[in-house]
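Work through the exercises below with the structure open. Each task is followed by a stepwise solution.

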Amino acid sequence: MIEHLVFLFATWAAILGGCWASSDFPCPPAVQIAPCLCSVNADKMQMDCSDVDSTEHLKEIFHSSPPFPFTHFSKFLMEGNQNVEKLENGVFNVITFDEIEVTNGALVEVEQGSIEQSKEVLQKITMYGNQIERFLMNDAQDLTAFTELWYINLSGNVIQVFPAITSDKVTYLAVSDNPMTTIHNENLFGVPYLEHIHIDSIRMNILETKLLSNHRHLITINLSSNNLVQIQSTALIVQSPTLKEINLSNNRINDVEPGSFDTNVHGLKVNLDDNNLSTLDELTWKPLAKSEVSLTFNGNPLGCGCDMKWAVIPDNGEDYISFMEGTCPEGQSFTDLEPAWYEQFCN
Ligand SMILES: *[C@@H]1O[C@H](CO)[C@@H](O)[C@H](O)[C@H]1NC(C)=O
Ligand SMILES: *[C@@H]1O[C@H](CO)[C@@H](O)[C@H](O)[C@H]1NC(C)=O
Ligand SMILES: *[C@@H]1O[C@H](CO)[C@@H](O)[C@H](O)[C@H]1NC(C)=O
Ligand SMILES: *[C@@H]1O[C@H](CO)[C@@H](O)[C@H](O)[C@H]1NC(C)=O
């Protein structure tokens with residue numbers, strides 16, 4: 001019995017001692033991976049390589065020996081790194097990540113073979129604020145093998161060609177603030193399950209009319225801060241019952257054709273603030289206000305004249321104006337407009 005207890009105690013001490021000796025466990029030894037830092041928090045292990053000094057050194061760290069004791073990390077992180085310009089094929093060896101986040105650095109190239117090892121676990125890619133010219137260096141990015149990847153954020157890079165991704169899993173795609181100018185209809189055919197698309201600040205000047213027409217799961221469409229001048233009929237007919245928000249603010253829109261938006265979506269908000277609309281034409285806007293789509297027009301050069309008669313003195317006692325927000329030449333809000341003027345001064 002006593003021997004038994006002594007044996008147990010010895011085993012226990014040995015385990016503790018072992019832990020003490022290699023306190024980095026389950027991470028690889030800190031000296032082996034420096035200047036990358038590995039940390040463990042509850043059941044998550046992450047690798048922060050923000051301070052790594054070159055593209056080659058990053059690869060050497062992941063190929064160093066002995067092999068890392070555990071191979072599945074929750075996150076790879078590199079923030080503000082001005083040395084690594086390329087994530088090369090095979091850079092991470094057999095190590096897999098649920099999330100890869102490279103932000104505000106010098107990264108120019110991401111080869112598909114750099115992330116391929118993680119294809120069964122990778123959920124999120126955030127590569128924000130780098131110098132990326134082309135995502136995965138391909139013309140057609142087939143990500144169908146990435147079975148968990150739902151989030152891609154490539155905002156704030158220098159991507160000129162929209163990445164025509166194919167994936168049934170991706171629901172969140174952000175390419176905000178890249179100099180793209182154009183996205184063609186067919187470029188989005190490969191991501192039919194999109195819920196949120198951020199294509200704001202990409203200098204878009206023409207919204208193609210079938211761009212979002214195959215996307216029945218959309219919730220948010222962000223087209224803000226582009227160079228759009230006209231919204232053509234059907235361009236924003238999406239037919240997604242879950243659509244909540246279309247942000248068209250801060251463009252140069254002066255013409256929205258009738259039939260540009262869905263009228264049968266409950267709770268939809270369309271933001272047209274800071275555009276160049278001078279009139280609110282009945283054929284375009286009445287069907288939306290009638291369907292209780294909430295419309296905002298702040299910061300447009302609206303004249304608030306007879307073009308708005310339909311809204312100020314609506315037929316059949318309908319209430320359109322409470323779904324519309326905006327200001328008139330003298331700063332009056334729509335709800336302050338005097339119905340008598342529209343009775344007397346319009347045809
Ligand atoms: C993209 O990622 C950056 C960094 O995490 C974040 O600040 C930004 O809001 C994201 N953009 C979008 C549109 O989600
Ligand atoms: C859309 O883009 C604008 C401008 O980049 C940004 O301010 C806004 O937060 C984005 N998000 C939504 C949901 O509109
Ligand atoms: C729409 O974009 C503008 C920037 O142009 C931003 O200020 C606003 O918050 C966005 N709307 C929403 C609901 O995010
Ligand atoms: C606004 O539209 C008018 C024509 O309606 C055009 O002359 C003017 O240049 C436009 N302004 C901007 C900033 O696009």
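**Exercise 1. Find which residues Tyr 320 touches beyond four places in sequence, and decide whether Tyr 320 is buried or exposed.**

Solution.
- Step 1. This is a predicted model. Place the residue: Tyr 320 sits in the loop between H6 and E19.
- Step 2. List the contacts. Leaving out residues up to four places away in sequence, Tyr 320 touches Lys 286, Ala 289, Lys 290, Ala 311 and Pro 314.
- Step 3. Count neighbours. Tyr 320 has 21 other C-beta atoms within 10 Å, so it is buried; the cut-off is 20 or more.
- Step 4. Check one distance. Tyr 320 and Trp 310 are 10 residues apart in sequence, and their C-alpha atoms are 8.5 Å apart.

**Exercise 2. Identify the buried residues of helix H5 and work out how they are arranged around the axis of H5.**

Solution.
- Step 1. Helix H5 spans residues 282-290. Its buried residues are Trp 285, Leu 288 and Ala 289.
- Step 2. Recall the helix geometry. An α-helix has 3.6 residues a turn, so residues three or four places apart point the same way.
- Step 3. Look down the axis of H5. The buried residues fall within an arc of 95 degrees, so they line one face of the helix.
- Step 4. Ask what covers them. The cover includes strand E18 (294-296), helix H6 (309-312) and strand E19 (324-325).
- Step 5. Move past the helix. Glu 292 follows H5 and has a positive phi, near 65 degrees.

**Exercise 3. Do the same for H3: which residues are buried, and what do they pack against?**

Solution.
- Step 1. The buried residues of H3 are Leu 58, Lys 59, Ile 61 and Phe 62.
- Step 2. They cover an arc of only 155 degrees around the axis, so they lie on the same side of H3.
- Step 3. The buried residues of H3 pack against helix H2 (30-33).

**Exercise 4. Describe the largest nonpolar core: which residues touch the most other members, and which elements give two or more residues?**

Solution.
- Step 1. The largest nonpolar core has 86 residues. Val 175 and Leu 295 touch the most other members.
- Step 2. The elements that give two or more residues are helix H3 (55-62), strand E3 (72-79), strand E5 (96-103), strand E11 (172-174), H5 and H6.
- Step 3. E3 gives the largest share, 4 residues.
- Step 4. Compare with the domains. The core draws at least three residues from each of domain 1 (28-180) and domain 2 (231-347). The C-alpha centres of these domains lie 44 Å apart.
- Step 5. Inspect Val 175. Beyond four places in sequence, its contacts are Leu 154, Ser 155, Ile 159, Phe 162, Met 180, His 198, Ile 199 and Ile 202.

**Exercise 5. Contrast Leu 188 with Glu 325: give the burial class of each.**

Solution.
- Step 1. Leu 188 lies in the loop between E11 and strand E12 (196-198). Glu 325 belongs to strand E19.
- Step 2. Leu 188 has 23 C-beta neighbours inside 10 Å, so it counts as buried.
- Step 3. Glu 325 has 17 C-beta neighbours inside 10 Å, so it counts as partly exposed.
- Step 4. Read the contacts beyond four places in sequence. Leu 188 touches Ile 183, Leu 211 and Leu 212. Glu 325 is in contact with Thr 296, Phe 297, Asn 298 and Phe 334.
- Step 5. Check the distances. Leu 188 and Leu 211 are 23 residues apart along the chain, with C-alpha atoms separated by 6.6 Å. Glu 325 and Phe 62 are 263 residues apart along the chain, with C-alpha atoms separated by 56 Å.

**Exercise 6. Classify the shells around ligand 1, ligand 2 and ligand 3.**

Solution.
- Step 1. Around ligand 1 are Thr 103, Thr 126, Tyr 128, Asn 153, Ser 155, Ala 174, Ser 176 and His 198. By class, this shell has 2 nonpolar, 6 polar and no charged residues.
- Step 2. Around ligand 2 are Ser 176, Asp 200, Ser 201, Thr 220, Asn 222, Ser 224, Ser 225 and Asn 247. This shell has no nonpolar, 7 polar and 1 charged residues.
- Step 3. Ligand 3 is surrounded by Ser 224, Ser 225, Glu 245, Asn 247, Ser 249, Asn 250 and Asn 271. This shell divides into no nonpolar, 6 polar and 1 charged.

Definitions and conventions:
Residues numbered from 1 in each chain as written. Chains lettered and ligands numbered in written order. Predicted model: local features only at pLDDT ≥ 70, side-chain atom pairs only at ≥ 80, totals over all residues. Near = placed C-beta within 6 Å. Nonpolar A, V, L, I, M, F, W, Y, C, P; charged D, E, K, R; others polar. Buried ≥ 20, exposed ≤ 12 C-beta atoms within 10 Å, placed from the backbone. Arc of directions from axis to C-beta. Contact = placed C-beta atoms within 7 Å. Domains from an automatic or database assignment. Core = buried A, V, L, I, M, F, W, Y, C linked by C-beta atoms within 7 Å.
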